[in-house]
Structures are given as structure tokens and as C-alpha cells.
Amino acid sequence: MSKTLSHIDILIRVLHIIIIVSFVGAYFTGDNEELHQVHMMFGYTLLIGIITRVIWHFLSPRVSSTAPFGLKKRSSMAFNAIKKSFSHTNSVNLFSKNTIQLFSIGLFQASIVFIFILIPVVVALGYGTEHFSYALRDLHSFFANLFLALVILHLSTLILNSILAKRFQGWTMLKMTWADKKITKLMTLFILFLVGAFSFVYLKM
């Protein structure tokens with residue numbers, strides 16, 4: 001019998017928090033020249049978070065007990081949910097609970113896909129603005145705002161799905177546990193140390 005793997009573990013939860021905090025921090029310090037160093041620090045921790053998430057996606061099934069969902073899986077889930085919602089669409093059940101929930105689930109999964117695609121774009125444009133051409137600033141701001149819109153969509157559909165399901169759908173992501181393999185816990189502690197140490201050193205530069 002094949003082993004059933006979870007698609008989430010404590011490292012993914014921590015990376016999720018790092019990515020969210022980093023983006024929010026970077027977004028709200030972007031226009032403050034006095035906090036420019038903090039803004040850049042958040043940009044780099046955002047990059048650390050997404051790179052680690054990508055690496056862990058491929059590494060965890062081999063060394064841990066986790067098989068995280070990738071962009072291909074998320075895209076398929078989004079497409080199938082939205083397609084199914086439209087297949088139910090007619091004058092009778094256009095606004096039925098089932099149709100709305102399917103469409104909302106599709107948008108939720110799609111938002112994750114586009115968020116992860118946009119993260120490296122936003123970070124790269126921020127780096128380019130800082131080190132190559134200030135002319136990239138407007139483009140960087142545009143994609144940062146687009147990223148924010150996707151985050152709002154993500155949270156909105158999460159709330160809507162929770163209301164329709166009568167259960168908070170984000171609990172799986174927020175519920176911390178140490179019931180993972182030792183390597184997963186060690187990686188989590190290492191990433192927390194890395195982000196903390198990098199942030200401290202970078203702000204002291």
C-alpha cells in the first residue's frame with residue numbers, strides 16, 4: 001500500500017508566514033526613504049522564503065513525510081473548480097452555494113499560482129531598481145500593487161470559502177505542529193535562524 005503524504009508541514013507553514021510578513025513589510029516601507037534599508041531587507045527575506053519553498057517542494061518528498069502542492073497541481077485544481085462552476089451555471093443555480101463555492105475555490109487556488117509567479121518578478125524589479133535603473137521603480141510598484149491585489153483576492157476567497165463551509169479553511173495552514181520528521185523540524189529552525197541572522201546583519205550594514 002502506498003504511503004499517503006501530507007501536502008503541508010511546519011516548514012511550509014513557517015515559510016508562508018515569512019512570505020506574508022516580508023511582503024507586507026516591504027510594501028508598507030517602500031515609499032519611506034528613512035526605512036529604505038528595512039524595505040530592502042524585507043525584499044530579501046521574501047526571496048529567501050520563496051526560494052526555500054521551491055527547493056522544499058522538490059526535496060521534501062524524498063527526505064520528509066510531505067508532498068507539497070506545486071504550481072501545476074494548483075493550476076489544475078483552479079481550472080477544474082472554475083470549469084465545474086461554469087458547468088453548473090444556468091438561470092436556476094447561477095448563484096447557488098455550490099456554484100459560488102466552486103468558483104471561489106478556483107480563484108483561491110489561482111491566486112496562489114499567480115502569487116508565486118509574481119514574487120520573483122517583484123523582487124527582481126526591486127533589485128533592479130536599487131542596483132541598475134531607478135526607471136524600473138514604476139514597474140516595480142505596479143507589480144507590487146498587483147501582488148497586493150492577489151493577496152486580497154486570496155484572503156477574500158479564503159474567508160468566503162470558510163463562510164460557505166462553516167469552518168475556517170485556513171486552520172490547516174495556521175495550526176503549528178511538531179509532529180513532522182526531524183529533518184523538517186531542523187530545516188524549520190535553520191530557516192528561522194537564517195532569516196533572523198540575515199535581517200539583523202543586513203540592518204546593521
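**Figure 1. The whole chain is built from 7 helices and 0 strands.** This is a predicted model, and its pattern along the sequence reads α-α-α-α-α-α-α. Of the 205 residues in the protein chain, 38% are buried. If you look at contacts between residues at least 6 apart in sequence, 71% of them join residues at least 24 apart. The accessible surface adds up to about 12,300 Å², and carbon and sulfur atoms account for 71% of that area.

**Figure 2. Here we look into the largest nonpolar core, a set of 14 residues.** Leu46, Ile119 and Phe147 are the ones that touch the most other members. Elements that put in two or more residues are α1 (10-29), α2 (36-63), α4 (97-131) and α5 (137-165). Helix α4 supplies the largest share, with 6 residues. The core also draws on two domains, taking at least three residues from each of domain 1 (1-60 + 173-204) and domain 2 (97-167).

**Figure 3. This close-up centres on Phe147 and the residues it touches.** Skipping anything up to four places away in sequence, Phe147 touches Phe23, Ile115, Leu118, Ile119 and Val122. One of these, Ile119, shares with Phe147 and Leu46 the distinction of touching the most other members of the largest nonpolar core.

**Figure 4. A nonpolar patch sits on the surface, covering about 370 Å².** Five names to find here: Ile51, Ile55, Leu59, Val63 and Ile183 make up the patch. Helix α2 gives the most, with 4 residues. If you want a landmark, pick Ile55, which has its place in α2.

**Figure 5. Leu203, in helix α7 (residues 182-204), meets residues from far back in the chain.** Once neighbours within four places in sequence are set aside, Leu203 is in contact with Gln37, Val38 and Met41. Take Gln37: 166 residues separate it from Leu203 along the chain, yet their C-alpha atoms are 6.5 Å apart. Is Leu203 buried or exposed? Neither, quite: its relative accessible area is 39%, so Leu203 counts as partly exposed, because that label covers values between the 20% limit for buried and the 50% limit for exposed.

Conventions
Residues numbered from 1 in each chain as written. Predicted model: local features only at pLDDT ≥ 70, side-chain atom pairs only at ≥ 80, totals over all residues. Heavy atoms only, no water. Core = buried A, V, L, I, M, F, W, Y, C linked by side-chain atoms within 4.5 Å. Buried < 20%, exposed > 50% of the residue type's maximum accessible area, 1.4 Å probe, protein only. Domains from an automatic or database assignment. Contact = heavy atoms within 4.5 Å. Patch = residues over 30% accessible without salt bridge, like charges linked within 9 Å, V, L, I, M, F, W, Y side chains within 5 Å. Areas by Shrake-Rupley, 256 points an atom, 1.4 Å probe, with all protein chains shown as cover. Salt bridge = Lys/Arg side-chain N within 4 Å of Asp/Glu carboxyl O.
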